[in-house]
Amino acid sequence: MVKSRGEALFKNAGVFIERYYPASHHIEVQVFGNGQGEAIHFGERECSIQRRHQKVIEEAPSPFVEAHPGMREKLGDAAVKLAMSIKYGSAGTVEYLVDDKSGDFFFLEMNTRLQVEHGITELCYDVDLVELMLKQGDAQLAGRGGFSADELQKLQPSKPTGAAIEARVYAENPVRDYAPSPGLLQRVQWAELDNSRIDTWVFTGSTITPNYDPLIAKVMLHARTRTAAIKGMDMLLTRSTISGPPTNLDFLAAVLCDDRFTSGHTLTSFLEDFDFQPAAIDVISAGAYTLIQDLPGRPAVGKGIPHSGAMDPVALSIANMLVGNDRGKEGLEITLSGPELRFLGPAVVALTGAPMETTLDGDVFPMWTRKHIKAGQKLKIGKSTGGGCRAYLAVYGGFPAVADYFGSKSTSPIVGIGGYQGRQLAPGDLLAIVKEPSKSLGGHPAVPESLRPEYPSHWTILAMPGPHDVGYLASQDIDMLYSTDWKVSHNASRSAIRLIGPVPQWARKDGGEGGAHPSNLIEYGYPLGGLNFTGDDPCIFPVDCPNFGGFVSVNTIIRGEFWKMGQVKAGDTVKYRSVSLDTALNVRKGVEEYLSTLEKAIGTGDFASIKPLGGRTELTNNNEQSILWERKAEGSQPLVRYRQAGDDHMIVEYGNEEFDINHRCRTTALETALHGSEAPKWLKDSLTNTVSGCTSITLFYNGLSLDRDQLISHLQDLEDKIGDLSKQKIPCRRITLPLSFESRVQDEATERYMSSTRPHAPYLPSNLDFVAKNNAFTPDQLRSNFLSGTFIAVIMGFFSGNTVSLPVDPRHRMSSPKANPSRTFTPEGTAGWGGSCLSIYPSDSPGGYMMLGQTVPCFDTFGWKNGFTPERPWLFREFDLIQFERVSEEEINKQLLQFRSGRYEWKWEDAVFDMAEHNQLLKDTAEEVKGIRKRQAEAQDEMTREENESLARWREEKAKTKVDEGTLDQLLEDPAIASVEAPTASNVWKVQVKEGDEVKAKQTLAILEAMKLEINVDVPDDLAGARVEKVLVQPGEVVKAGDHIVLLRKKA
């Protein structure tokens, strides 16, 4: 058979028969030749520990050779003779198979190059092999043929000094047969030890791709003895940290500690029976949406880095109490349906929150109970079985290998940061856990059912009025706000919980300079828990919401009720009840008292005296107003107004919502005073963060520890101290950015938008032409304004350091609506216009700003690129002055490549913004600006008319195929109906089935498009044979993650 295969495959039936050595070593000799018949060697390396014939650990010298006197000379002489016989020039490696019993050795091959493991030879022989190779090459180029014989022989060492070990660190999964594990490296931190050497290409923020070898690093250490080298290498491996995809760091450390390795008995069969079991959880299936979350998240960062953290802080806290963790320890947040997890080591766990079908090795697993899991057991968390939508799995010790990002391990998937590679869990992920749970965690304490939070389908949620109710909503709207049973839409996520209910009548006709709709405002810092109206559509802003925006927030959920945001789910109803600050703080104290007494009872087992979470606080009618204090404009000091926003936020607002850099100067001065060295201790202890914009500053603080009246009094004192800023000189930077008005990627995004989302609109196909026409400019005038003018950065954040800037010259200011609906893809570096401001997109992302050109992005998640730091991954600062220089599309593409590789050189200089000079400009151009605004208003009226006509026609086209919400709800209540949902926010590109079709397993129902990727929506295996009951989408529609795509009637 062997002969026939040889003949068929290689046209040669010859067969070599070699002797089999069951116990052998792989030993290689490092040689160096001068290309003229002379060669030397630098000793041997032991490379016997291999997997699939790939070396894993190497050492020099070989412990086997050291134990057999004279063998080094024999191996070296044979290798040198071979190199001399072929007049080999440069470094090379002669490899042998060595019999463990007899010491006989046999030639395997010669590698005519530098080997991966050459570093340990360099450490033991104090030689730089790469330098020798370069010198040999120089000599050949100079016509000398190479090193002279004398020069070469002087380099021949007599013996090694000490011992060195190399371990190859790979991104590979040890529980999946060491399969490569591509992914994002969220933290790379090497231990710093004397005589260690790390040869690597990676750093925090690198991505291991599936396209190349998953080698992360070659880790080496040199010591005086082999024993010391083993000890040092173990310290180097165990003290280093690589967070992201699975690696073999722990596996390598385990090999070094094995008795066979320490004794030097390292055979090529070493790993065949080496048993390595990591302390970890193997993710078999991931559930609908499983994330790592902790508490309190990242409340103090801002700049577009979301607050993050558990949506239901109460459930996660209790889960952690049950397993002996601190309340805020990271755990798994499980939405709607959970994962299947295989525990590779023992663990103590607890599952709390919304009830879910859960089994351990097939047996029912109790929730709200401490449970001990043995190595090898499988925990399967199924679908939710009652009210609520999120459960929390706490594991003793948390997930130690998950990296911190700004002090938190929480995942913010909307911006791809934190948690496990910045995303939800997926099959094949590996979560390291502590090796041994605490022995003090005996027993199985459980929270009695009567003390568990209730998760109804009809929720009453307590909120405080404001910040924007009176003056924005009509009086009947405010009544409606608290009398309506708002329905939770299926578009409910960690970043926005959409509600369905009445449309407000509004108390004003538009948003002034904030925008055309009465819900529009000049951008301000969003309070968490705010009920935000984006146009006429209400949504609650939970922990992953943008940190600023330009839509009103009409009331704010109080902190003590935040946990409810984590449990309301699609189809539930929400009824708001207005409460006062005193009530809000009492409710919050009640939650804290509930958790504290529960924690104590878990330790003692005595739950008798504990009151349930609900009903702890007596509720009274609230007559408080959202405006806390107001002072009219006086001279050069503007109107100032304080607005409440729940019990943890307050907004200080200047003027009457007009873009005025004088106001931005004031918010900057106030923010500086609040965080300055002279701020009182009581403020520093309680003030968490501030978000300042062009006309306002939002304060985030701990309402339990900070007295609001004291805060108001302090703010009033600061107002008097700030005084007149109209002649202030503000130090800043002048940054010059490249800008190309030609961008093929933007053209492709528009083409895709027109084919898959909305085929016609006044802003199509050219966003730039539309914005120009909307502002009574020609396209050339708009380009000229961009290139000759200066923009000033007024607020940073939203998501990922997105920077909103305003033209300094009022004659260059423009207004533009956003794309409706938004695009699912906008290229990184897009210079977009929305409302009255310019925004630079920090990354490829969805978006609705009009695309006017492309520049370089302004955010680097891990801060490794030039111009950024890990502590400051955003580029711009308040009052930075931005100017643009025009470049070609070819040039911007080159500069984007430089940015991605971290080599882009920013052009900036120190500058001063002179408020007196600016105010003089405003005065000198006032009449000219009036004429411009008049022409712009006329143009915008015309464009608004065109947009309304186009929008009405498009909606009419869509309505012909749309299923109404009532019909949809009725169908979903039928147990025979199963919904197939969109896996991510996207456009519908193609629908592949029609109503009545019988479908097969894995058949494609529809093809979605997102971020230039095509995403198939397939039939689940358990719905094979079902029939299509309703197709709920059509090509061109925009869907969000979890939207229903097709309803299938299950096979009877």
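How many cavities of 30 Å³ or more does the structure contain? In this predicted model, the count by the rule applied here comes to seven. The two that head the list by volume are described below, together with the nonpolar cores and one helix.

The largest cavity has a volume of about 150 Å³, and of the 15 residues that line this cavity, Pro299, His307, Leu528, Asn547 and Phe700 are the closest to its centre. When the residues of this lining are divided by class, 10 are nonpolar, four are polar and one is charged. The second largest cavity, with a volume of about 70 Å³, is lined by His468, Leu521, Ile522, Tyr524, Ile651, Glu653, Glu657, Thr695 and Ser696. Two elements, β29 (520–525) and β37 (649–654), each give two or more residues to the lining of this second cavity, and it is β29 that gives the most, with three residues. By class, the lining of the second largest cavity has four nonpolar, three polar and two charged residues.

In soluble globular proteins, nonpolar side chains tend to be buried together. In the present model, the largest nonpolar core has 92 residues, and those with the most contacts inside this core are Ile318, Leu332, Phe399 and Tyr576. Helix α10, which runs over residues 313–323, gives the most to this core, with eight residues. The surroundings of Tyr576 can be described residue by residue: when residues up to four places away in sequence are not counted, Tyr576 touches Ile461, Ala463, Leu481, Tyr482, Trp486, Leu499, Leu531, Ile540, Asn555 and Ile557. A second core, separate from the largest one, has 42 residues, among them Cys665, Leu670, Leu706 and Ile730.

Helix α22 was also examined for its span and its packing. This helix, comprising residues 926–959, has 34 residues and reaches 47 Å from its first C-alpha to its last, a span close to the 50 Å expected at 1.5 Å a residue. Within α22, the residues Val929, Ile932, Gln936, Ala939, Met943, Glu947, Ser950, Leu951 and Trp954 are buried, and the buried residues of this helix pack against α18 (767–774). The buried set in α22 includes Val929, Ile932 and Leu951, and also Gln936, Glu947 and Ser950.

Technical notes. Residues are numbered from 1 along each chain as its sequence is written. This is a predicted model: local features need pLDDT of at least 70, side-chain atom pairs count only at pLDDT 80 or more; totals for chains, interfaces and linings use all residues. Side-chain values use heavy atoms; hydrogens and water are left out. A nonpolar core is a set of buried Ala, Val, Leu, Ile, Met, Phe, Trp, Tyr and Cys residues joined through side-chain atoms within 4.5 Å. Buried means under 20% relative accessible area, exposed over 50%, partly exposed in between (1.4 Å probe, protein chains only). Helices (H or I, at least four residues) and strands (E, at least two) are DSSP runs, numbered from the N terminus. Contact means heavy atoms within 4.5 Å. On a 1 Å grid over the protein atoms alone, a cavity is a set of points where a 1.4 Å probe fits but cannot get out, and a pocket is an open set with protein on both sides within 12 Å along at least five of seven lines; lining residues have an atom within 4 Å of a point. Grid points are joined across faces, edges and corners, and a volume is the space filled by probe spheres set on the points. Ala, Val, Leu, Ile, Met, Phe, Trp, Tyr, Cys and Pro count as nonpolar, Asp, Glu, Lys and Arg as charged, and the others, Gly among them, as polar. The expected span of a helix is 1.5 Å times one less than its number of residues.
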